[in-house]
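Subject: The structure, and what turned up in it

Hi,

Here is the structure we talked about. Have a look at it first, then read on for what was found.

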Amino acid sequence: MRDALSSAVFIDRDGTIMEDTDYCSHPKDVRIFPGVLEALRRLKSRGFKLIIITNQSGIGRGLFTLDQYRAVESEVLRQLGDGLVDATYYCPDAPGQHSKCRKPAPGMVVKATRDHQIDLSRSFLIGDKEVDVECAHNAGVRAIRVRTGIQRDVTGSNADWVADDMPAAVQIILNAKS
């Protein structure tokens with residue numbers, strides 16, 4: 001049964017795949033970082049499932065609607081290309097409320113693992129904040145923290161690795177897998 005499970009890379013969205021525009025609510029504000037598309041294609045070609053997991057507290061805070069979130073998500077997926085990302089999971093919960101999905105809680109990873117038959121022991125999470133690192137470890141996957149988000153200082157990070165950007169993070173994964 002173990003062979004039937006896939007390895008995956010869980011990827012934070014804002015600050016990791018694209019510029020963090022502080023509650024991105026319009027497709028025109030989607031700016032994918034240079035090198036991300038090619039890096040994700042490298043992972044996909046090596047058999048990884050690619051799953052975006054993203055806290056979207058702007059929904060819970062009433063700053064934008066679910067429809068606005070979906071429009072942004074559609075634009076991200078359009079820019080990345082059809083079929084590259086296997087799934088996207090989001091958590092609309094605002095900070096301070098009990099939540100099983102808001103990172104650092106592992107709820108989105110747990111749900112994706114069930115939905116996509118993922119082997120967590122062969123999986124990774126890439127994110128730009130320490131909550132992403134905590135989420136990874138809470139879910140039992142290795143964490144790579146990138147320096148592309150707003151919180152670039154990684155001093156004291158508990159990440160398994162730190163990388164300058166997504167292409168560097170992908171190289172770490174490919175080196176670790178081989």
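One bit of vocabulary to start: the expected span of a helix is 1.5 Å times one less than its number of residues. Helices (H or I, at least four residues) and strands (E, at least two) are DSSP runs, numbered from the N terminus. Also, this is a predicted model, where local features need pLDDT of at least 70 and side-chain atom pairs count only at pLDDT 80 or more, while totals for chains, interfaces and linings use all residues. Residues are numbered from 1 along each chain as its sequence is written, and side-chain values use heavy atoms, leaving out hydrogens and water.

Helix α3

Try the span rule on α3, residues 66-80. With 15 residues at 1.5 Å a residue, α3 should span 21 Å, and its end C-alpha atoms are indeed 21 Å apart, so the two agree.

Which residues of α3 are buried? They are Tyr69, Val72, Glu73, Glu75, Val76 and Leu80. (Buried means under 20% relative accessible area, exposed over 50%, and partly exposed in between, with a 1.4 Å probe and protein chains only.) Looking down the axis of α3, these buried residues fall within an arc of 160°, so they line one face of the helix. The arc is that of the directions from the helix axis to the C-beta atoms. Here is the background: an α-helix has 3.6 residues a turn, so residues three or four places apart point the same way.

On the face of α3 turned away from the buried side you'll find exposed Asp67 and Arg78. The cover over the buried residues of α3 includes α1 (36-45), β2 (49-55), α2 (57-60) and β3 (87-91); contact here means heavy atoms within 4.5 Å. Right after α3 comes glycine 81, with a positive phi near 105°.

Helix α4

α4 (107-116) has its own buried set: Met108, Val109, Ala112, Thr113 and His116. Those residues cover an arc of only 135° around the axis, which puts them on the same side of α4. Among what covers them are β1, β2, β3, β4 and α5 (130-139). Just after α4, glutamine 117 takes a positive phi of about 50°.

The cores

A nonpolar core is a set of buried Ala, Val, Leu, Ile, Met, Phe, Trp, Tyr and Cys residues joined through side-chain atoms within 4.5 Å. The largest one has 31 residues, and Leu40, Leu43, Leu80 and Met166 have the most contacts inside it. Elements giving two or more residues to this core are β1 (8-11), α1, β2, α3, β4 (124-127), β5 (142-146) and α6 (166-177). Which element gives the largest share of this core? That is α6, with six residues.

For a closer view, pick leucine 43: leaving aside residues up to four places away in sequence, leucine 43 touches Val9, Phe48, Leu50, Val170, Ile173 and Leu174. There is also a second, separate core of 20 residues, including Ala8, Ala87, Cys135 and Ala143.

Aromatic rings

Rings of Phe, Tyr and Trp (its six-membered ring) pair if their centres lie within 6.5 Å; planes under 30 degrees apart count as stacked, over 60 as edge-to-face and the rest as tilted. How many aromatic pairs does this rule give? The count comes to three.

In one of them, phenylalanine 48 and phenylalanine 124 have ring centres 6.2 Å apart and planes at 65°, so the pair is edge-to-face. Phenylalanine 48 sits in the loop between α1 and β2 and phenylalanine 124 in strand β4, so the pair ties together parts that are 76 residues apart in sequence. Phenylalanine 48 is buried at 2% relative accessibility, and phenylalanine 124 is buried at 1%.

Tyrosine 69 and tyrosine 90 form a tilted pair, 4.6 Å centre to centre with 40° between the planes. This pair links helix α3 (tyrosine 69) with strand β3 (tyrosine 90), 21 residues apart. Is tyrosine 69 buried or exposed? At 1% relative accessibility, tyrosine 69 counts as buried, whereas tyrosine 90 is partly exposed at 26%. Finally, Phe48, Phe124 and Trp161 form one aromatic cluster.

Backbone oddments

The peptide bond from lysine 103 to proline 104 is cis, with omega near 20°. Proline 104 is in the loop between β3 and α4.

Cheers
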